[in-house]
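Please open the model in your viewer and keep the sequence panel visible beside it. The tour below proceeds by selection: each stop states what to select and then what is found there.

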Amino acid sequence: MPTKTRVALITGCSSGLGEALATHCLNLGYRVYATARCAEDIRIDHSNILRRALDVADTEAVGRLCDEIQRDNPRLDLLINNAGYGAMGPLLDLPIDRLQQQLAINTVAPLHLVQRVIESLHAGSTVVNIGSVSAGLGTPFAGGYCASKSALHTLSDVLRMELAPFGVQVMVVRAGAIQSKFANRASAELANSTLSPRYQPLAARIAERAGLSQRDATPAMVVAEKIIAAAEKRRSPPYLGVAHGHRSLHLLGQLPSRLKDAILERRFGLRQLAKDVDGG
């Protein structure tokens, strides 16, 4: 492989944004290590793609892949932590093992990948962590997901400062609604969950929250092109807002807590539930 060929590692490439990111990088001439839990689910056909099965929460599997990348390439130019998982529902009904899985995939795994590829990163490399507007806007019935993305943003902020002396950039994508299968998976998992009697009156609102990420969603390729363009800049922005709703939801997250709570409680039916509990 010519040393001038840029190399990228992208997780979560079976569909949606990950598939678009890998495709766009390939079109730009990158050699792409594209991962998914099942390599067969990666549908991209290109001579420069290397499909790899990877559960990002499996530390041994991550280690094996990173060893392969370091062995076979002089350096890694781009790491995109895109794999994600959404567990929806009231926090009181969220099984702790699902919350732990949420944090393991959305928060811990991206940091672990950076730790494992650090010897392959160089001055000019960029780490892109796919975050969310939900990191700054905790919404009812998505508390675990919002918390995992909030923690990812914080870890990214610190990584950005700690890697700066070595010339490695860290960029967080503050994503709004992007066309993907995320909502389908979240809704399917919610359907298999048990909702406690206290929240049964809000079952429809909870189901709606699981599917909100696909309302007026932006095409994944449109988002991917913006992300890669920003990642390739000599000075990438610390945060990049993309996709439908990212501006308005980010601004909503900046409101005073009492006002923000009132808006969200009304939006998701909690105000009416309080009246029903109080008897009117």
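Helices, of type H or I and at least four residues long, and strands, of type E and at least two residues long, are DSSP runs numbered from the N terminus. The model is predicted.

**Stop 1: the annotated span**

Select residues 6-181. UniProt, in an unreviewed entry, places the feature "domain: Ketoreductase" on residues 6-181. The C-alpha atoms at the two ends of this span are 29 Å apart. Helix accounts for 39% of the span and strand for 18%.

**Stop 2: strand 5 and its neighbours**

Select strand 5, residues 126-130. Is this strand enclosed by the rest of the structure or open to the outside? Buried here means under 20% relative accessible area. In strand 5, 5 of the 5 residues are buried, so the strand is largely enclosed by the rest of the structure. Display the side chains: T126, V128 and I130 point one way, while V127 and N129 point the other way.

Add strand 4, residues 78-81, which runs parallel to strand 5 and is joined to it by 4 bridges. Two positions help to align the pair in the viewer: L78 has T126 as its bridge partner in strand 5, and I80 stands opposite V128. Strand 4 is also covered on both faces, with L78 and I80 buried on one side and L79 and N81 buried on the other.

Then add strand 1, residues 7-10, which runs parallel to strand 4 and is joined to it by 3 bridges. The bridge partner of A8 in strand 4 is L78.

Return to strand 5 and add strand 6, residues 169-175. These two strands also run parallel, with 5 bridges between them, and T126 stands opposite Q169 of strand 6. From strand 5 the chain passes through helix 4, residues 143-163, to reach strand 6, and this β-α-β crossover is right-handed. A right-handed β-α-β unit is likewise made by strand 4, helix 3 (residues 96-117) and strand 5.

**Stop 3: S148 in helix 4**

Within helix 4, select S148. With a relative accessibility of 0%, S148 counts as buried. Setting aside neighbours within four places in sequence, S148 is in contact with Q102, L103, N106 and T107. The side chains of S148 and N106 are joined by a polar contact of 3.0 Å.

**Stop 4: R37 in a loop**

Select R37, in the loop between strand 2 (31-36) and strand 3 (49-53). Is R37 buried or exposed? Its relative accessibility is 60%, so R37 counts as exposed. Beyond residues up to four places away in sequence, R37 touches A53, L54 and D55. A polar contact of 3.4 Å links the side chains of R37 and D55. Next, select C13: although 24 residues separate it from R37 along the chain, the two C-alpha atoms are 9.1 Å apart.

**Stop 5: two residues with positive phi**

Most residues other than glycine have a negative phi. Select F141, in the loop between strand 5 and helix 4. Its phi is positive, near 75°, and at 5% relative accessibility F141 counts as buried.

Then select A243, in the loop between strand 7 (239-242) and helix 8. A243 is not a glycine, yet it has a positive phi of about 80°. At 13% relative accessibility, A243 counts as buried.

**Stop 6: helices 6 and 9**

Select helix 6, residues 203-211, and display I206, R209 and A210, which are buried. They cover an arc of only 100° around the axis, which puts them on the same side of helix 6. In an α-helix there are 3.6 residues a turn, so residues three or four places apart point the same way.

Finally, select helix 9, residues 257-267, where the buried residues are K260, A262 and L264. What covers these buried residues? The covering elements include helix 8 (246-253) and helix 10 (270-277). The tour ends at G269, which follows helix 9 and has a positive phi, near 85°.

Notes. Residues numbered from 1 in each chain as written. Predicted model: local features only at pLDDT ≥ 70, side-chain atom pairs only at ≥ 80, totals over all residues. Heavy atoms only, no water. UniProt positions renumbered as here; feature names shortened; annotations may be inferred. Buried < 20%, exposed > 50% of the residue type's maximum accessible area, 1.4 Å probe, protein only. Pairing = 2+ DSSP bridges. Right-handed = clockwise from strand over helix to strand, strands pointing away. Contact = heavy atoms within 4.5 Å. Polar contact = N/O pair within 3.5 Å; in protein donor to acceptor, adjacent residues only side chain to side chain. Arc of directions from axis to C-beta.
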